[in-house]
Structures are given as structure tokens and as C-alpha cells.
Amino acid sequence: DSPKTSNFLRQIIERDLEQGTYADRHWAGRPADAATQQSGPLDPARIRTRFPPEPNGYLHVGHAKSICLNFGLAREYGGVCHMRFDDTNPEKEEQEYVDAILDAVRWLGFSWDAHGTSHLYHASDYFDFMYRAAEYLIGAGHAYVDEQTPEQMRANRGDFGRPGVDSPFRQRTPDENLQRFRAMRAGELPDGAAVLRARIDMASPNINMRDPALYRIKHAEHHNTGTAWCIYPMYTFAHPIEDALENITHSLCTLEFEDQRPFYDWLLDRLREGGLINTPQPRQYEFARLNLTHVLTSKRKLKQLVDEGHVSGWDDPRMPTIVGLRRRGFTPESLQLFSERIGVTKANGWIDFSTLETALRDDLDPKAARAMAVLDPVRLVIENWDEAMGAGHLEPCSAPVHPHQPERGQRRFFFGRELWIERGDFEETPPKGYNRLFPGNRVRLKYGYVVECTGADKDAGGRVQAVRARVFPETKSGTAGSDSVKAKGVITWVGAADGVAAEIRLVDHLFSVPHPDTGERPFLEELNPQSLQVVRGFVEPSLAQAGGDEKFQFERHGYFVADRKHHGPDHLVFNRTAGLKDRWGK
Ligand code: ATP
Ligand code: MG
Ligand code: MG
């Protein structure tokens, strides 16, 4: 576990636990019980949070922060976190998204096993209760059916400098409102013809308090309730009710909802007056949403990238979705570590993408097996190999699976007359400070021998076809003579005889600008044309056995993962997760 640092949410929770704020709370164990206000089994006092996505897309790295926060705090303080689908928007929601969201939460390392069950909560479970709550508000004079056009409603809401104007329907009697609301529910009115609104204050400085909409008409089938309803509650109406019925204690949301908090409290106070709610008030707390450089965090826009084919799917390794990050090689632990490190604050800002990569490296450094890979291969020919070692000789070499964990054993591979090296590890005329291969220079091939470069073969266009060198046969790594010839640099390599061809996907930022979608340009113009480069390289033979999703540190190159979808023993495919922080061998 990562070390926990205090933040304002932990302070609030600790104070609540210390003061026994929730000590005498009657816990309703099931939403069904809660909705009928029968008390459920009594739980010891504990906090209760919720993670409430709308199933309208795949979750992204911002949601990962929210998941780690809500499930993480509940776990840390012995509480419960409800997995709840905020499914109040029937047209955009799909079962595929529901399944993907549950997968993502599980993969991140969390479960929703309160009471030993895997109960899922849905906003739609409470549609009956919400409808009764709406009728109560109407009867008590707190809500009315407005039949202005959407344009009139928008104009009459006013704006920051201008108070709103009362709707001509605002003074309808409760009976009249009830009759119209029932007509809405009965399907007698088309979409958009009327909405139910709270009657609060059209002159409020907080625009969210200017008679917000509670219910709208949508003749749409719902993935959970089918055709039972043609009116659906607004999110702002539904959410506080869901929290109250589920006995949520700390309702954590992003800062955009700060201005909704007065309505959240207003609504629950009204329902409590009416006896519809008798649980203690859940409290909403806002924190800054995650903005990550080079990344878009909006399900709607990510969906557009998928639908328009800018990426290969929701799980394209360039996508900031949880499935995309997973396919790129990020681990649940790295995302948890990242969430803990960025913490929660009250001020919006940008987190640098490198923070995410650092968390990945810190997680994988002790875990990932090392391997050698050549990403931009050129042949190295050892001219004196046959005479020094014997024609066709292959010399067995080995390297630790992990440099600090000898118990993990050794990788084995062969050194021979021909090897693959990086094209960039040879320069005919070396720039200043270059200490890799150039004519006359001596270099160690890591875990192998010291060689002296003698030159290179070039094609008609001057492109290097093969680099040439002579081996010092007594310098094998790990033998007594290994130091007998001094080498200026060290380079990595793969044997031409036993190296395995691999497709390597060099994944980079999907957006070339650090703050996509914040400037004048449409975000599609900010896509990085170099975000995915596919190269054919060679990897050491131990990688032929790699399983899909297995992670490695390719020495000098960074962290790579065997692609979950396309990698197999007959076609090796690795995605670059992140580079190494400290590059060596300049
Ligand atoms: P999007 O605009 O991407 O669809 P959303 O906020 O509408 O995001 P929800 O499905 O409603 O998506 O989000 C579920 C939870 O995740 C909410 O509590 C929301 O506050 C939180 N969340 C969403 N995006 C972020 C983010 N970038 N950083 C932190 N939390 C987030
Ligand atoms: Mg939302
Ligand atoms: Mg949204």
C-alpha cells in the first residue's frame, strides 16, 4: 500500500467518525427497503460513499481517480462504497457500457460486496419513489408543471446579471399541476411539451435555484425499466434522492456540482418535511476533477474518437480509457498510486502526464522482468568470430531476470557471428561525446563481449546495411578477462540466430498539445499524427513465451506489454507503456 497523505476529505471523515456523526444511523441494507422506508439490518456506524457513473461510455482516467477515491476511502475507514448506475438518461445508455464499467472497477482492484452480496444500485431502482416524491412536492406547492417552450424557459431563466422571469404557469394550483403531471406520465404529451419544475426562486443569484427542472418527458425505452416510463427524473433531482435512500454519508463529486449543493440540500429538506425521507442528511463535498496533460477526459468526446475511427476502439492503447490504459500496460496498482499521489484538492488544474508514467515505473520497476529488444535493427557482423570462436559457434550468455532479485533466475540467449543492434548505436562520424560504435571505438555488448568497430557496409544510397566489428574473445561478461579490454560504452543487442521478430507499437500522446480542447482549434485538429508508430524489431528468445498482458522492461527502452488482443506465440506484439526516466548509453 502507498503511504496515505492527509487531505480535506480524510479530515472531514475522521472528524465525523470521531464525533460519531453517523453513530446512531439506522442502515437500510437494501435499496428496496430504503425506498419503502422500512429499516433494514442495523450496521455499525460507518461511512458510506458511492461511485455513480452514467453508463453512456467507457470510463477514463478521471473516473479512475473517482473510483480510487470513493472505494479507497470506504475501504480505508471500514465503510462501504456503493456501485451505482446513474441511469436517468435512457437514450444514451447501453448494457455494453454497464459491463465495461463493472469490469473497469473490478480490474482497478475494488469490489462492491457490501453485506456479502454483490449488490448493484441503479437510479432506476428508485423511479417509483422519485415519482411519489414529485407528487408530494406538487401537493405541497413546491413544484409545478411548466409548459413554456424550451426556448422560453431558457430565456426566462435569466443569467448572472439578470434575474429570471416567472413562468406564466408558475401559479397553477397543486390540483392542476397534479393533473398535468399525471398526463405527462400517462404519455399524453410529446417530448419537450412540459417539464416539472421545483418552485424555489427565479431571482436567486444561484441560477441552479431558479426553479430547476425535476422531470422531463422522453418517450424512450430504458435499458433497465423498459417502457414502464415516458417521463424521467433529471440528474439533479435523482442524485440527492439516491444518496439519501442509500444512506450515503459523504457524497463526493467534482467542483462543477458545487452550485448544485444548495438544491441538493433544499430537496432533501423538503422531502424530510414531508416524511418521505427520514435518514440523516448525506453531505455533498466537491473536489477538483482530474485534468491530465495531452489527454481528453470526456466520455462524449472519447466516443466521438471511437465512432469516427480516429482510434481503433475504446481500448486503443492511446486512449485514456481504463481499458486503453490497461492495454497500454498500465497496472491497477500504478493507477491507485497515481490517484493517491495527485490527492484531492479544491482547485482545478492540470496534472502532467509524466506523473502517471512515474507511478507506472515505480510500480513496475520491482515487478517487470528485464529483456533485450532492438527496435530499429541493423546487423552487426563480427568479422573475426569464426577464427576466434570457431565457425558457426554460438556462445551461451545469460542475464538476470531482475537485477535486484537474483532468486528470479537468469534469461539465456546466444552470442554469435551476427547480431542485431540499434541503428542509432553506430555513427560513421561520431558527434562529440558519442561513445557507442564508430570506427576504432570499443564498446561492450551487454552480457556479451567487448568489440571494436571496424566500419560499415552501405548501399548505393549511403544507408548502412551492416556494421562491422572484431570481438575480443577473452572479454565475456562474468569471466575473469572481462576487464582486460576497456570499453567506452555499453549497448544492447539481440542474437541474429535466436532473436525473435516482433511487432512493436510505439505509443505516444494522442494529442500533441498539452491542454487539448481548451483553445480555439477543434480538438480533432490537435490529434498527434505520430501517436502510434509500428516498427518491426527483434526481441530476445525468452520473450517468445510471453503471455498476453505480461509486462517487461526492455533494457534502455522502457516498459512494454505484450498486447492483450494481438500478441501470440506466432506473432509477438508489444506496446510501449512508458519510456525509462534515465536513459543511458548516450
Ligand atoms: P464525462 O463527462 O466524461 O462523461 P461524467 O462526470 O459525466 O464524465 P459520470 O459517469 O457521471 O461521468 O462520472 C461518474 C463519477 O466520476 C462522477 O462522480 C464524476 O464526478 C467522476 N468523474 C468524472 N470525470 C472525472 C474527472 N475527470 N476527475 C475526477 N472525477 C471524475
Ligand atoms: Mg455525468
Ligand atoms: Mg458527462
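In this predicted model, strands β4 (residues 143-146) and β5 (residues 195-198) run antiparallel and are joined by 4 bridges. Within this pairing, D146 of β4 stands opposite V195 of β5. Strand β5 is also joined to strand β6 (residues 213-217), again in the antiparallel sense, by 3 bridges. V195 takes part here as well, with R216 as its bridge partner in β6. Both faces of β5 are covered: V195 and R197 are buried on one side, and L196 and A198 are buried on the other.

A further set of pairings involves strand β12 (residues 377-382). This strand runs antiparallel to β15 (residues 418-422), with 5 bridges between them, and V378 stands opposite I421 of β15. With β18 (residues 464-471), by contrast, β12 pairs in the parallel sense over 4 bridges; there, I382 has A469 as its bridge partner. The four strand pairings are collected below.

| Strand pair | Sense | Bridges | Example of opposed residues |
|---|---|---|---|
| β4 and β5 | antiparallel | 4 bridges | D146 and V195 |
| β5 and β6 | antiparallel | 3 bridges | V195 and R216 |
| β12 and β15 | antiparallel | 5 bridges | V378 and I421 |
| β12 and β18 | parallel | 4 bridges | I382 and A469 |

At the level of domains, the protein is divided into domain 1 (8-119 + 236-289), domain 2 (128-133 + 140-233) and domain 3 (369-578). Domain 1 and domain 2 are thus each assigned in two segments of sequence, whereas domain 3 is given as one. The C-alpha centres of domain 2 and domain 3 lie 65 Å apart.

Attention now turns to the helices. Helix α12 (residues 332-342) has the buried residues S334, L335, Q336, L337, F338 and S339. These buried residues pack against α3, α11 (322-328) and α13 (353-364). Just after α12, G343 takes a positive phi of about 65 degrees.

Helix α3, one of the packing partners of α12, also contributes to the surroundings of ligand 1. A total of 14 residues surround this ligand, and the closest are P53, G62, R289, L290 and K299. The elements that give two or more residues to this shell are α3 (61-76) and β8 (250-254). The largest contribution is that of α3, with 4 residues. By character, the shell divides into 4 nonpolar, 6 polar and 4 charged residues.

The UniProt record, an unreviewed entry, places the feature "binding site" at D86 and Y235. Although these positions are spread over 150 residues of sequence, they cluster in space, with a largest C-alpha distance of 7.8 Å. D86 lies in the loop between β2 (80-85) and α4 (95-107), while Y235 is found in helix α8 (residues 235-245).

How does the burial of the two positions compare, and which residues do they touch? D86 counts as buried because 21 C-beta neighbours lie inside 10 Å. Y235 has 16 other C-beta atoms within 10 Å and is therefore partly exposed. Leaving aside residues up to four places away in sequence, D86 touches P52, P53, E54, A123, Y235 and H239. On that basis Y235 touches D86 and T88. The two annotated positions are accordingly in contact with each other. P53, among the contacts of D86, is also one of the closest residues to ligand 1.

Technical notes. Residues are numbered from 1 along each chain as its sequence is written. Chains are lettered from A and ligands numbered from 1 in the order in which they are written. This is a predicted model: local features need pLDDT of at least 70, side-chain atom pairs count only at pLDDT 80 or more; totals for chains, interfaces and linings use all residues. A residue is near a molecule or strand if its C-beta atom, placed from the backbone, lies within 6 Å of it. Ala, Val, Leu, Ile, Met, Phe, Trp, Tyr, Cys and Pro count as nonpolar, Asp, Glu, Lys and Arg as charged, and the others, Gly among them, as polar. UniProt positions are given in the numbering used here, feature names are shortened, and annotations may be inferred rather than shown by experiment. A residue is buried if 20 or more other C-beta atoms lie within 10 Å of its own, exposed if 12 or fewer, and partly exposed in between; C-beta atoms are placed from the backbone. Two residues are in contact if their C-beta atoms, placed from the backbone, lie within 7 Å. Two strands pair if DSSP finds at least two bridges between them. Domain bounds come from an automatic or database domain assignment.
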